[in-house]
Every structure is written in C-alpha cells, then in structure tokens.
Number of protein chains: 2
Amino acid sequence: MTTDGYVVSPLFFPGGDIGKLAVYGTVNDLVVCGAEPLYLSLGFIIEEGLPLEVLRQVVCSIRDAARLCSIPIVTGDTKVVPRGAADGIFIHTTGIGRMRPGINLGPHRVQPGDRVLVSGTIADHGIAILSAREGLDLGPALQSDTTPLHELVRSLFDSAIDVHFLRDPTRGGVSAVLHELSDATHLSVVLDELSVPLAEPVRGACELLGLDPLYVANEGKLVVITASKDAERALACLKQHACGREAAIIGEIASMTPPQVLVRGPLGALRVLDEPTGAPLPRIC
Amino acid sequence: MTTDGYVVSPLFFPGGDIGKLAVYGTVNDLVVCGAEPLYLSLGFIIEEGLPLEVLRQVVCSIRDAARLCSIPIVTGDTKVVPRGAADGIFIHTTGIGRMRPGINLGPHRVQPGDRVLVSGTIADHGIAILSAREGLDLGPALQSDTTPLHELVRSLFDSAIDVHFLRDPTRGGVSAVLHELSDATHLSVVLDELSVPLAEPVRGACELLGLDPLYVANEGKLVVITASKDAERALACLKQHACGREAAIIGEIASMTPPQVLVRGPLGALRVLDEPTGAPLPRIC
C-alpha cells in the first residue's frame, strides 16, 4: 500500500500533467518495491472556479494513464474548497499491490562491487517543470520523462536478473536515492560523471542555471543495483524498452569509509556529492 | 478500499478536529459497508507557514484516533505548498478493510415495512462546525458527534441482527442517505418527525437559522435499516453503547408511489422532503 500527493505547478507541462504524474507516480512506487499494482484510489481537492475543461483534461489523462498501466481506479473522493483556499487542483492517489513471489529487494542485499544503473537520461522532469514555470524556452526536445515503469521492472524480474535494489529517483533525484542507500548500508557509492546519461537541453539548462542534474527530479526513471556479474545483462534488458533505451551503468558500490556518495569527474578526480537539503525546486510533483 | 479528503474549516472545533475526522470518517466508511478496518494511509497537503504546533496537534489527534480504532497507519505522504496555495492543512485518508463473512447489506435487501433507525441525535456535527466558524455561542453542550462506529456496527452484527442497509449520514445528512436509498430501491421512506432525536441546542440553532436538521451533516451516526421484526432488538443493541444511547426508530420503508422521502409532522400531515441540492454548508469535513 502506498500513497502520494500531487501538487505540481503548472498542472500541464511539456511531456505530462498532474493526472499522469498521479497515476504513474503511485504505480512506480509500487513496482520499485517488487509489487504488481492492483488497485488505485483517487482523491481530488479542487479550488472553486477551476474551469471544468481543465478538470476534464486532468480526468481524461488519469483515465488514459490508468488504462496504460491496466490498473482499475476502484474508489475516489472530491472536495471543493472556496476560491483561494487551494491552488487549482490537488490529487492524492493510493495504490495497492501484490508482492511478486520470490522477490527480495532492499539495502540489505547491496554489496561492495555491485553496479549502479539508471534506466535513461536524468533530470528531464525537474528541468521541464522549471522551464514551464519560468517560461524558459529550452526547445521542444525538453520534455518531462513522466512514464510508468511497470513493464521495465517486470522485464528485469522476468529475465531472472538478481536485482538487489530498485528505486525511482523522484524528489532529490539520483543523489537522494544514493544517499539514502549509503546511509542504510554504511557503504559508499562511486559514480562516473561521464557515464550519467543527460539530454542535451537538460545539460545546457543545468549549466546555465547552476543545477547539478544528479539532484533534479525524475518521474520515469529507475535506479537499479545488481551484482557486478548481472550488470551487463540488466543493461541489455533495460535497453530493450522504449523508456530504457538510454540506460547506463553509472557507478558502483564501494566499501571505503566513511560511507559517502562520490563522483569521479572527467579528469578522474573524486568529489563528494552532498546530501540534498531543502527543496531547490518545490512543487515538482 | 475507500478514500476521503478532509478540508474542514476550522481545523479544530467543539468535539473534534480534522485529524479525528480523517481517521473516523474513513473507518466509518469501511464499517458501514460491512468491512473490518485493517489499514490506513495518510496524505497531507500543508500550507507553508502552518505553525508546527498545529501540525503536532493534528498528528497527535490522528495517532489517538487510530489507536482507538486499533487501525495501523501503514504509509503516508506530506507535500508542502507555498503560503496561499492551500488553506492550512488538507488530509486524504485511504482505508482498506476485509469484508465480514456472511454480511449481506445493500439497497437490494430493503423491503416495504422495514424500519429506519438512527443511532442518536442528528445534525450535531454540522451545527458545531457552523457555530465554530461563525462565532455563534450556542453553549458548551453543542459538540460535533465525531466518533468511530466500528464497535456499534460490530455489536449489531455480533447480535445476529439481520441488518438490511447501513450508512453514516455525513454530507447531506439523513435526508441524503434516504434519498439515495429511495432512488436505488424505487421505494418510499416515511419518517416520523417527532421521533427524530435532536439535542436541544441543535434544535434551537436549526430553528434560529432556518435549517432542517435532516439535511445537516453527522460524523458519528448510523442510519440502520432492518426488518420490522428485528427493529426493537436493533434499537436495544444500539442503546447499549455510549454513542448509541439516544438511538431511535424514526420511520419505515413504504411501497407508495412515486418513490419519495416523506416526513409525518407533529399533526400527522405528510410533507415531501426535497433532495438536498448544492452545499448549504461547505467544508464541514
């Protein structure tokens, strides 16, 4: 059982909208735990005066997203609050899943030498939201990656790849996931900066705005950790999917102390990746 | 599985607060379907600047309410939105329950001659919210009835009373429940106005404000429909509980056409109870 609130601003952005986010985000939270999504519930808080056409678009988007994930929406609730008491529309979704038999995921499985993979380019969602919100014209190629990950995860499991750890790097980005993992395992993570896949407009926007893409949110990416021997097979498996074509092995787990997250730069020097603090980019989801 | 959003204003009111409402409301939605509540999830949307002390009070209230219902809160989410983008705090709860074996509830069970019971005085919640919001001083006796109904319902079932239909009359009050039932069954409901239990301050407030208590929300009451032969036993069972002491048989199901909800006044005349429309009292829960 998982629940998540969606308060993204703006409601519609390049590559997605609050409705898709709400469905895919909850489906993704289930699948990275090793669960098959079964049922969704939906709660709306709507500001009086929200154009009905906007509500219609959001609801249609939810319908399409739920169909794509084959997950029924079994119950829901709608509250309307006076103008000014909410900002447009807020959505809560709760998802129920059934654990896939034989799956054993978690920090306890992670060992020194394990490889760290991402399923594609990172930071697309956060930068797309930022550009939509600030009216930056970063070109049509810049789109949120909002996508359900159920098929990607299912095919990893169906290929009998021994996945040790799975997470969708949303708020706080890849950095937040790896810091949590390092805290839980007392192990270090060493990333290779040149291996981290980045879309060109995102690279440009991050340089321009002084953002580290490792801290920027994603809404359709996986961080996968497997034993070294399985890493190439996991990579090939991810690359077979449209949403995993740009998957890459970006680093490995190391036993060096103190436990920290390190990035090897283009010239080979290691720098420490600080823990994400605060919310550099609020209301991204 | 059931979900509900809570946007009540004010957050604290005589007899309850948004935290108790959120837990009891969801527990009650489960129990009136014949389910034993198993798990809750909790989603917060919090306005930046909400005093931490307010959040602490709400969370403690949720903790106490969940303990009282013996229901674990298994997952949650918190989103913070900028000042002005929400009004204090909004809560969504989702509940999962397991259907009690052998329970068969629903409009399909309701027959002419069945009796309509309520588990106590009506309209307490809506009038308490109204008085808190408008600063009306209606005396200390006026309290919301915010209460979990799991024990009341369990004891009806444990007494092997053949309950035909159960509902907690929240938004739209007893009238909304009976109109829905009449629509679903194509049967009429005849209420006896003098039998409807009303607390004195609520009666006074309704007269003063021109509100019909049958339309005002409750947050800890049951509408119970049983066969005529079981009605007295159901009444005795309800009265054994602190929150059912003022239970009453308030009417019966009739086959007269067209199907409508009627109220027999003090002088014996029947008047039609119109369907609740609009929201005479918004943000009551």
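This is a guided tour of a predicted model, going from one selection in the viewer to the next.

Residues are numbered from 1 along each chain as its sequence is written, and chains are lettered from A, with ligands numbered from 1, in the order in which they are written. Because the model is predicted, local features need pLDDT of at least 70 and side-chain atom pairs count only at pLDDT 80 or more, while totals for chains, interfaces and linings use all residues.

**The sheet of chain A**

Begin by selecting strands β1, β6, β4 and β5 of chain A, which in that order form an open sheet of four strands with mixed pairing; helices (H or I, at least four residues) and strands (E, at least two) are DSSP runs, numbered from the N terminus, and two strands pair if DSSP finds at least two bridges between them. At the edges lie β1 (2-6) and β5 (73-81) of chain A, each of which pairs on one side only. On average, neighbouring strands of this sheet are turned by 15 degrees against each other, direction ignored.

Now keep β4 (residues 35-47) and β6 (residues 89-99) of chain A in view, since these strands run antiparallel and are joined by 11 bridges. To find one bridge, select Phe44(A), whose partner in β6(A) is Ile91(A). Adding helix α1 (residues 18-31) of chain A shows what packs on the sheet: this helix touches β1, β4 and β6 of chain A, and its direction makes about 25 degrees with that of β6(A). Here axes are lines fitted to C-alpha atoms, for helices over the stretch in contact, and angles run from 0 to 180 degrees between N-to-C directions, while two residues are in contact if their C-beta atoms, placed from the backbone, lie within 7 Å.

**Two helices of chain A**

Select next helix α3 (residues 124-134) and helix α6 (residues 200-209) of chain A, which pack at an angle of about 65 degrees with their axes 10 Å apart. Their contact is made by Asp124(A), Ile127(A) and Ser131(A) on α3(A), and by Val202(A), Ala205(A) and Cys206(A) on α6(A).

Just before α3, in the loop between β7 (115-118) and α3 of chain A, select Ala123(A), which has a positive phi of about 75 degrees although it is not a glycine. Is Ala123(A) buried or exposed? Ala123(A) is buried, because 29 other C-beta atoms lie within 10 Å; the term buried asks for 20 or more such atoms within 10 Å of the residue's own, exposed for 12 or fewer, and partly exposed lies in between, with C-beta atoms placed from the backbone.

**Over to chain B**

For comparison, select His186(B) in the loop between α5 (173-185) and β9 (188-192) of chain B; His186(B) also is not a glycine and has a positive phi, of about 60 degrees. His186(B) is exposed, because 11 other C-beta atoms lie within 10 Å.

Then show both chains together, where 24 residues of chain B are in contact with 24 residues of chain A. On the side of chain B that touches chain A, the elements giving two or more residues are β1 (2-6), β4 (35-47), β5 (73-81) and β6 (89-99) of chain B, and β5(B) gives the most, with six residues.

**Last stop: the cis peptide bonds**

Finally, select Ser9(A) and Pro10(A), whose peptide bond is cis with omega near 0 degrees; Pro10(A) is in the loop between β1 and β2 (12-13) of chain A. In chain B, a cis peptide bond joins Ser9(B) and Pro10(B), with omega about 0 degrees, and Pro10(B) is in the loop between β1 and β2 (12-13) of chain B.
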